[in-house]
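Me: Could you walk me through this one? I'd like to go from the overall fold down to the core packing.

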Amino acid sequence: MRTATYFFIFLNLSLAVFEEPAVYPLPFLVTSLVEVLCLLVFFGRLTHFAKVTLRNVFWKDTKNICIMVAILLSLTDLAIYGVLRIYNVRSVRWSRIVRPIFLINFAESRQIRRAFRSIRNTLPEITYVFLLFMFSLLMFSLMALKLFGERNLQTAEGLPYFKNYLEIVFDLYVLVTTANSPDVMMPAFDFSSWYALFFIAFVIINTYIFMSLFLAVVYNNYKKHLKVTFGGLNCD
């Protein structure tokens with residue numbers, strides 16, 4: 001039973017690879033039949049679990065409620081999408097975002113659920129570090145706009161360089177990963193080599209200090225909650 005549940009969960013999540021838009025698109029009838037089959041298996045597994053569980057216990061378990069709601073939402077979205085497709089109306093399968101619920105909330109996924117709970121408990125404690133990082137990013141973006149925005153610089157593609165504040169925020173956010181380094185710096189460096197100091201300071205503060213601090217806080221808090229979660233016998 002556990003192996004079958006995992007197989008159909010994997011099959012249901014894999015549908016995203018074959019549903020439009022997809023890399024390997026399959027006909028809608030094929031993907032919809034596979035999804036209905038998976039939902040029937042999930043409903044059967046839930047029904048089987050209800051047969052061997054006290055009624056008041058079953059209905060008080062939020063995991064079972066989440067699975068039932070996810071099944072209803074998926075069937076509703078599939079029916080609406082199918083009807084709109086018949087009338088050649090373009091729509092979006094919004095129920096895809098509920099598919100991971102099946103992976104988390106079945107009884108067989110106890111370890112995944114514990115890890116997910118540890119991640120959820122870790123998020124509030126890393127909020128302050130994340131806000132400090134975002135504040136630094138926004139301030140450096142504002143400085144970049146004031147330094148380079150009025151100098152009529154252009155990128156290698158001939159586009160305006162650091163003219164739009166939101167685009168600057170995105171470029172510097174990517175620069176934190178060093179993915180667009182040193183391309184993002186070159187127009188300013190070609191204008192004056194002294195402008196390299198701005199980007200050096202940005203990388204030191206945000207990549208080497210804030211990112212290291214952020215990862216340390218995430219690791220320490222996740223490890224703490226993981227010990228608490230797996231240390232308790234009645235934590236699930």
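**Fold, extent and cores**

Reply: Happy to! Read along the sequence, the pattern is α-α-α-α-α-α-α-α-α. Keep in mind that this is a predicted model.

Me: How many helices and how many strands does the chain have?
Reply: The pattern along the sequence holds only the symbol α. The secondary structure count is accordingly nine helices and zero strands.

Me: What radius of gyration does the chain have, set against a compact globule?
Reply: Let's start with the box filled by the C-alpha atoms, roughly 75 × 55 × 25 Å along the principal axes. A compact globule of 236 residues would come out near 18 Å. The chain itself has 25 Å.

Me: What share of the residues is buried?
Reply: Buried here takes a relative accessible area under 20%. Among the 236 residues of the chain, the share meeting this is 34%.

Me: Which helix gives the most to the largest nonpolar core?
Reply: That core has 23 residues, and Phe-148, Phe-199 and Phe-202 are among those with the most contacts inside it. Helix H6 (110-148), helix H7 (165-176) and helix H9 (196-231) each supply at least two of its residues. With six residues, the top contributor is H9.

Me: Which residues does Phe-199 contact, leaving aside neighbours within four places in sequence?
Reply: A contact needs heavy atoms within 4.5 Å. Phe-199 is itself one of the residues with the most contacts inside the largest core. Its partners are Phe-148, Tyr-161, Phe-162, Leu-172, Leu-175, Val-184, Met-185 and Ala-188.

Me: How many residues are in the other core, the one that includes Ile-9?
Reply: This core lies apart from the 23-residue one. Ile-67, Met-68 and Ala-70 are also among its members, and its residue count is 14.

Key:
Residues numbered from 1 in each chain as written. Predicted model: local features only at pLDDT ≥ 70, side-chain atom pairs only at ≥ 80, totals over all residues. Heavy atoms only, no water. Helix = DSSP H or I, 4+ residues; strand = E, 2+ residues; numbered from the N terminus. Rg over C-alpha atoms; globule rule 2.2 N^0.38 Å. Buried < 20%, exposed > 50% of the residue type's maximum accessible area, 1.4 Å probe, protein only. Core = buried A, V, L, I, M, F, W, Y, C linked by side-chain atoms within 4.5 Å.
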